[in-house]
Structure formats: structure tokens, C-alpha cells
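I opened this notebook to keep track of what I looked up in one structure. The entries follow the order in which I went through it.

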Amino acid sequence: MAKQSVLLHALTVGEISKEALSRVDLTKTRLAAEVQVNLLPKTIGSAYFRPPFQYLSTAPGFEVMRPFAISAARDAIVHFRSGGVTISLDGQMVSRQAVSSTVANGDFSTTASWTLGVLNGANAEIAGGQLLLQGLAQGGAAAARQTVTTSSVGQEHAMRVVVTRGSVEFRIGSTLNGQQLIRSTMLAEGTHSLTFTPTTSSYFIRLRNTTQRPCYVTSCQVEGAGELFLPTLYAEADLRKIRWDQSGDVMFLACDGYEQRKIERRSLHSWSVTRYLSEDGPFGLVKDSPAKLQVTELYGSATLNASQDYFTSDMVGRLIYLFHNKQRRRTILAADEEFTLPIRVAGIKDIEHGYNDRDFSYTVTGTWAGTLTWQRAYGTEDGGYAPYKNSTTDNTIGFTANPSGVERNDDYDSNSITFYKLGFQSGDYTSGSAVVTVGYDGGTTDGIVRITSVTDGTTARVDILDPPGDVTYTSTWRAGQWSNETSWPAAVSFYDGRLFWAGLDQFWGSVSDEYYSYDENKEGDSAPILRNMAVGRGVQKAKWILPLSRLIIGTEGCEIVVKSSSLDEPITANGITLKAFSDFGSADNVCAVIAGNNGLFIDRTEQRLIEIRDASGAGDYTSDEITKVNRDILKPGVVDLAVQRNPDTRAWHVRSDGKCIVLTYDEAEDIKAFTPIEAGGNGLMQSICVSRQDGLDRVTALFKRTINGATVYTRERMMLDDTAAGARINCEMDCYRTGTLGSPSSTISGLGLYEGLQVAVNVDGVPLEQYFTVTGGQINVGVPVTNYVVGLPFEWRFKSAKLAYASSMGTAINQRKRVDKIGFQLVNTHNKGIKYGRSFDDAQMYALPNLVDENDVSNVTHSEYDHDMTSFDGAWGTDSRICLKGKSPFSCTVSGLTFTITTHDAG
């Protein structure tokens, strides 16, 4: 017989599949486990009873949680659920309190209590349950005001404003037109919940629009008490498809089948959900119909006509680009320093042959007082303007009345590029509105409109974003690439100072540092990037974008790297190439994540974890499967994935059956250890989120349980490692809550959350071994209690790999063997925190001795434990194993394990 003393110095391999357990020729496999549940490995080599989850709140149903970065000291989470989102800050849901003030007719059912005001021909009206504000003239303004009284002075209020079209300027002051409570801010189309604290018994609301485009507001009301809830379009089945990235206080959202959205944080408790709207693209390369299009107006809103059936209801929100071989401007001017858009004049004037490229016409109508003046600039429309004569026949500068007939103007600057605009110079405007129309048959004009409604196949209503060149039909036009008619982006990410979107075989990069612009007229390196993902492997439907040192796009069929000409150079429209570097394909419902310098994603089977890494350090990416050591660990499929970076890198996988698998990951140390997580109370994890607070990663999860016959969803946050290690009051139980009784009592009440379930208890710092069943919302622990911790118990289990040691004839596999003794190196471990034996059968397991050096340590948490080896009741067999386990509420950290084994060589 051969005998050997063995040290298991590292528990960082995790679980491997049964078919790999016989690979005892590999040192790493010898350190692996067949079972390692709730025993998290650390990269230093130890493993510990994983931290418990603390109860935060009860959710109304299923939700998906995503982090929203605020600051190093605060963390926020966006909770997506069917039809809307809620927000939590530092684990607490953002809620509104009851206050006494009410906005009269805040639903705009009548005009009562609202004061409407217009300036210089603007339009303000309340009708059909909405407020319409439109500046109409440049320099015009439309506003709605109301004075609200409150007896809840000094209490935080929240004002909900719903903008259904356009954008509105909003403010709240403690004085009329003041902004002491909410500074003037622009509210885009969407729902806004803005907080303020009145300092007096009255406050003043103002909504205002100064643009020519109409703005519609359907609600402006004080929020009622309860959790903040902001509506979205997403159904429950779509929540896992949401992709997100954040810049500053704005989170940009993409979801396959839905228009992009934004979540905006305006203050700690003020949040908005709005549409993401670009006003200049992206556009398709060619038009998608032979129809000709005509817009009926050149400012504000207008009708868009088609020469044949073209429009459908799915086109609402779509951009249309209109091109005209002329320049026509129609503008209403009603203030100082307001001018028409410039016209660009080029060509020659040939007096001898009566040929003139440079003459243009204008008319002015309306009732106004003041002086209108032409201004001219050479070479650029951005500056350098000087006054210019009124017309060909009138060399004076400036006029004070509407000209008669059609005035014409020209210059003698043949072959020069000159810009002209007409308007009121500083101090020249008195009153009224001047309607100015300027026409020039030379040059070209790009116009852009957005479809707001569709009447029928040939008629739609549009908002004018960039005025077209004429109100005549044009056959030169193109439609925007994003709409319900075509598709919306399915993924989003920031990279190299651009906002990137990816969708059905296409991806788009914004103008550099302009996240809402895709202007094709922008030139140079900052121009937008609009590309097909044509990499020769079929249609590549995007699933996610990952900003590593290169931009990586995951599709249903392959993984694509977006390269510039050099690793250190930014990608540009003219310096870009796309290459497929692997073909695992990505799962539909799981976003990829960043782990250090690498990426992790779930493949299209939903059961394999793939690592993306830079193989050369020069941006040459490759992919490899991590789950090849345990192909069953992620079955029946992963539905959520998040990465924790401290104290170790851990990838949290939520499976479709509610189980959770944690991958402890360290590329430098070659650690890729899978550990299943089982929750107390048979909790099924639904969603996982990693946020950061005070520089530490906070893991928050949504659990589903059946409690007292009902389905209950709870939001729970995992304790920090140092808090769970036994150094403080022991909370090793899930969904735990803490409390203090007014006077010592053996009865703990208020436990309806756990009705009918067994709970573990820690009383006044002492963990109790007995579990108690909650009945009528209370338990009796038999001893007086002041401070308590109550939660749902869970256990950890470890079963070693095959112990192939102590053979003098080669391998010990298939040789009869027995474990004789065992010793532990433990840290921060309660004396009842670990049991050991040859199986998990309690009858065959043993606890640590209650006497150490003649001292009773039965209820002691050992900061260190290093004592003589003790007997191990191992049985002879060909497959001897070591099994360890522990349970709530007792902490345990195993830093090393020694054992002696005897093998009966069958030589």
C-alpha cells in the first residue's frame, strides 16, 4: 500500500463536467470539483461561503435591471418592466410623496386656470386634451402659465410633463416667470418627472416654445404618491433584447423592433424617458419609390404629397430628404437679429449677351413696422455680412414697407460665391410680422422633413426640420433608414467619440462628438460612418456592440471587428474595414459584456460562453469557448449576463431555469472557474445587475419565489465580501432583513414576507443553528432578542474531483483507496460553518471539534484556524472523494485543505 499527504492549495478551478474528472494527468483538473455550489473561489486561491443577498424591495412583477452611472459615491439602477421603467438609487426605489398642490386642468381638458400668451404672431391654444405652442415667426414665442398654491412648503414635489410632439421650454419659479425651483430646460418628446421643493406657498409654472415647429403637451401635473414610473414601449418579451450605453446623464437605448429611446437624469430624483431623434439622417442611398414628392410649406409643419401611393402608417417618424435645383426661402420675421436663411448665389452676369446667373427675387408681405435690410457675405455663409442694396432698381439700403410687386436683385460679382439674407438688424425691429419669400433659380437645396402622421397613401403631415428648396414636386429624394417600415437599430455603443448603432446587416456611426447627427454634408475625418456589414457570411443581424480596443459587433452568424488602418488611429468613413474573425453567432436575448481587456458573450445555442480576446496585442481578435470544460453548466440556456470587477472579476450568468452560474475569471492567472449559485427559499434568479458605489461593485438581483402560495418577486443586493466574512454581525442568509425590537422579546414579528417558509436567525450577534417556520408573520426564537437578522437559509457544497494520489505503480485511477485524515486552513469561519465526510449524507459527515486546546469554541468565529489533522471516516473504494458543506447562518472561508490518502495497489 502507498500513502501520500496532499495539499489542495487552490480552490479556483470550480466545477467541471463528469466526463473530465478522470483527466487526473492535468494538475488543474486535480484541483477541480464535481460539485462546488455557493462556494465562491477567490483568485488568491481560497474559496468562501458566498455573500448573502439583502432584501431591498418587492417588485410588482418581472423586470430586467441595468446600471446607470451617476458618480463614484452613488449608484443607480434602471428597472425595465413591461410598459415602463422605475429607478433605484443606492438600492432604494425612487418614490414620490403625497403633497397638497394640484395643477388645475393639468390634463388640458379646458383652458381654465391657464394663462396663454403669444408674442409676434405666435400660436397658443388648448383643445382636444392638449396644449399647442408654436412660435411661427422667427422671434415669436408662445407660452402657457399657471400659479399653483401649496401647503406642502419645504417638501419635495414632482411635476410630470408629457410632450407628445416637438420640444418645450419648461421652468418653475417662486416668482412669475422665475426659475428658482427648476431652471429653464428643454423637454423633448417623451415623459418627464422633475422634482422641486417649494419655498413659498405659491409657485409658478411656465411652458414656452419659440420655434416655428409646433409643440404639443398633453399633461403637466403634480405626481401622486408612489414609486416613480415612466412609460416605455417595450413588452415583457422584449426586455432582455434592450441594449444600452451611457454618456454623461443620458442612457441611449436600442431594442430590435423599436425606435431608439433615451433615459435622462436631470437631477438626483428627476428623470425622463424620451425619443432619440436625429434631424439629418441616416438616409438610404436611393429612393424606395418612383413617386414624386411635394411639400406645401417651407417652415413649421406642412403637408407632404406623393404623386402616387407611397405612404403607410409605419412611416410615422421617418425622415425624408428632398432635393431641389433651386433655392426658395419663406420665413416670418418678428424680432431684432432675425434673418432669412442665406441663399447661395454663383455664376456670371453677362450684360452684352443679356445673360444673368445671379439675379434673385423676393417679396415681403404682412403687417410690420421697422427696417428690413439685405446683407451680403463672400465665400461663406457663417459670417462677414455687410448691408447690401434693396434691389436692381433701388440702390438704397433698407426699406420700411412691403415692396410693390416682385423685386429683383443682382450683383456684378461674376464667378464669385456670395450669400444673401434679409432681416431686421439690431435695433431695426418695431412690431408685427414680416413674411419674406426669396427665390433663386440657381444652386441646389437639401431639405429634410419628418413624417408626423399619414392621412392616406398620397398624403402625410410633416414637420420641417431643414427647409426644402421649393414647394414644387421633386423626383430627387431619399427616405431615412430608420422606421417601422424598414427597421430600427438593435444595438448601441459609444466608441472613439461617436455613437454607434447596428441593426439588420447595417451599422451607423454619428458625426464625431455629435451623437444626434448623421449629416452627409460633413466632410473629413469627423464625417458620419454609414456601412453595410457585408462580410460574406449571409445577412448579419446585429445582436450587440462591444467597445474593446477595436469595435466588435456580434451578429446572429458571426463576430465582426471594425478596423481602422492602424490600431492607434480612429475609424473614419474613409478609413474603415470590417472583418469576420469567428462564427459562433450570438444569442438573441443576452448582451455581450467587457471583462478587463476581453469580451464575453453567449453563443447562438444560448449554452456556451465565448471569450473574445486580442491574440496579438495589435487588434487581431479571436474567439474561444470557455465552457468546453463543462458543456452542461449553462444548460438549459442563459438569459442574462453581467460582470463584476471587484474584489475579483466574476461573470454572473442567469439561466432560463432561474439558476445562476458565476464564472470567476482572471486571464493572467488562467482562472476560469464555474460556481453554481443556489438561493435561499428556492429563489429563482430572473435578472442580474452590477453597479458601482464608492468604487465597489454592487451585485443586485431579482428573485422569484413562491411564498404562501403566491408568486413574489424581490429585489436583493449581495453583501460586500468583507461584510459577509464573519468579521461583523453574521448575515449569511438570503433575502435577509435586520431589525431592532423596542424592548427585548422572544417573538419577532413583521415577517409576512417569509410566511410559511423556514428562516435562519441571528440574535444580538449570535447565529442560531435552529431554523424557524414563519406563521402569522412571526416566529418565537425562545430567547429575548433586541437586535436580529432574519432571512432564508441556504447551504454550500463542495465535492472534490477524483483523488488519484498515492500509487507506486502509476495511476491511482481504478485502484482501491481511502482518505484517512483531513486538515483545514480556514479564515473567518464559524466553528459550525463547515462539515466534512465522504458524501453529503449528514450521517456520514463530521463537524469541527467543539474543544480546541480545552477551550469551548462551539459558537466562535475563528479569524484563523490551523490545527492538527483529524480522522476522516473514508471508506475503501475506487472513487474516494472529499465532501464539504456548510449552511446559513454560519460563515466559512477555506484557504487550504490537506488530507492523507492510502491506495491499495492491485499489482
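**Entry 1: an aromatic cluster.** I began with the rings. Phe-252, Tyr-276, Trp-482, Phe-494, Trp-501, Trp-508, Tyr-515, Tyr-516 and Tyr-518 form one aromatic cluster. I noted that the model is a predicted one.

**Entry 2: pairs of rings.** I looked up the count of aromatic pairs, and it comes to 34. How are the rings of Phe-252 and Phe-494 placed? Their centres are 5.4 Å apart and their planes stand at 75 degrees, so I wrote the pair down as edge-to-face. Phe-252 belongs to strand β24 (residues 250–255) and Phe-494 to strand β44, and this pair links distant parts of the chain, 242 residues apart. Phe-252 and Phe-494 are buried.

I then took Trp-482 and Trp-501, an aromatic pair that is also listed as edge-to-face, with 6.2 Å from centre to centre and 70 degrees between the planes. Trp-482 sits in the loop between β43 (477–479) and β44, while Trp-501 is in strand β45 (residues 498–502), so the pair ties together parts that are 19 residues apart in sequence. I found both Trp-482 and Trp-501 to be buried.

**Entry 3: cavities.** How many cavities of 30 Å³ or more does the structure hold? I found four. The largest cavity has about 110 Å³ of space. Its lining has 15 residues, and Gly-317, Leu-319, Arg-450, Trp-482 and Trp-488 lie nearest its centre. Trp-482 is thus a name I had already met in the aromatic cluster. I sorted the lining of the largest cavity into six nonpolar, six polar and three charged residues.

The second largest cavity has about 70 Å³ of space. Its lining consists of Lys-241, Arg-243, Cys-255, Asp-256, Ala-490, Lys-541, Ala-542, Lys-543 and Asp-588. Of the residues lining the second largest cavity, three are nonpolar, none is polar and six are charged.

**Entry 4: the largest pocket.** I went on to the largest pocket, which has about 890 Å³ of space. It is lined by 34 residues, and those nearest its centre are Pro-67, Trp-244, Asp-245, Val-643 and Val-690. Which strands each supply at least two residues of this lining? I listed β6 (64–69), β7 (75–81), β23 (243–247), β44 (491–495), β48 (542–547), β52 (593–595), β56 (638–644) and β60 (684–693). The lining of the largest pocket divides into 22 nonpolar, four polar and eight charged residues.

**Entry 5: strand β48.** I picked β48 from that list of strands. Is β48 mostly covered or mostly open? It is mostly covered, as five of its six residues are buried. β48 runs antiparallel to strand β49 (residues 551–555), and five bridges join the two. One of the residues I checked was Pro-547, whose bridge partner in β49 is Leu-551. Three residues lie between β48 and β49, and the two strands form a hairpin.

**Entry 6: disulfides.** I searched the whole structure for disulfides and found zero. Why does Cys-689 have no bond to the closest cysteine sulfur? That sulfur is in Cys-591, 13 Å from the sulfur of Cys-689, and this is too far for a bond. A disulfide would need the two sulfur atoms within 2.5 Å. Cys-689 counts as buried because its relative accessibility is 1%.

I did the same for Cys-892. The closest cysteine sulfur is in Cys-883, 15 Å away from that of Cys-892, again too far for a bond. Cys-892 has a relative accessible area of 2%, so I marked it as buried.

Terms used: Residues are numbered from 1 along each chain as its sequence is written. This is a predicted model: local features need pLDDT of at least 70, side-chain atom pairs count only at pLDDT 80 or more; totals for chains, interfaces and linings use all residues. Side-chain values use heavy atoms; hydrogens and water are left out. On a 1 Å grid over the protein atoms alone, a cavity is a set of points where a 1.4 Å probe fits but cannot get out, and a pocket is an open set with protein on both sides within 12 Å along at least five of seven lines; lining residues have an atom within 4 Å of a point. Grid points are joined across faces, edges and corners, and a volume is the space filled by probe spheres set on the points. Helices (H or I, at least four residues) and strands (E, at least two) are DSSP runs, numbered from the N terminus. Ala, Val, Leu, Ile, Met, Phe, Trp, Tyr, Cys and Pro count as nonpolar, Asp, Glu, Lys and Arg as charged, and the others, Gly among them, as polar. Buried means under 20% relative accessible area, exposed over 50%, partly exposed in between (1.4 Å probe, protein chains only). Two strands pair if DSSP finds at least two bridges between them. Rings of Phe, Tyr and Trp (its six-membered ring) pair if their centres lie within 6.5 Å; planes under 30 degrees apart count as stacked, over 60 as edge-to-face and the rest as tilted.
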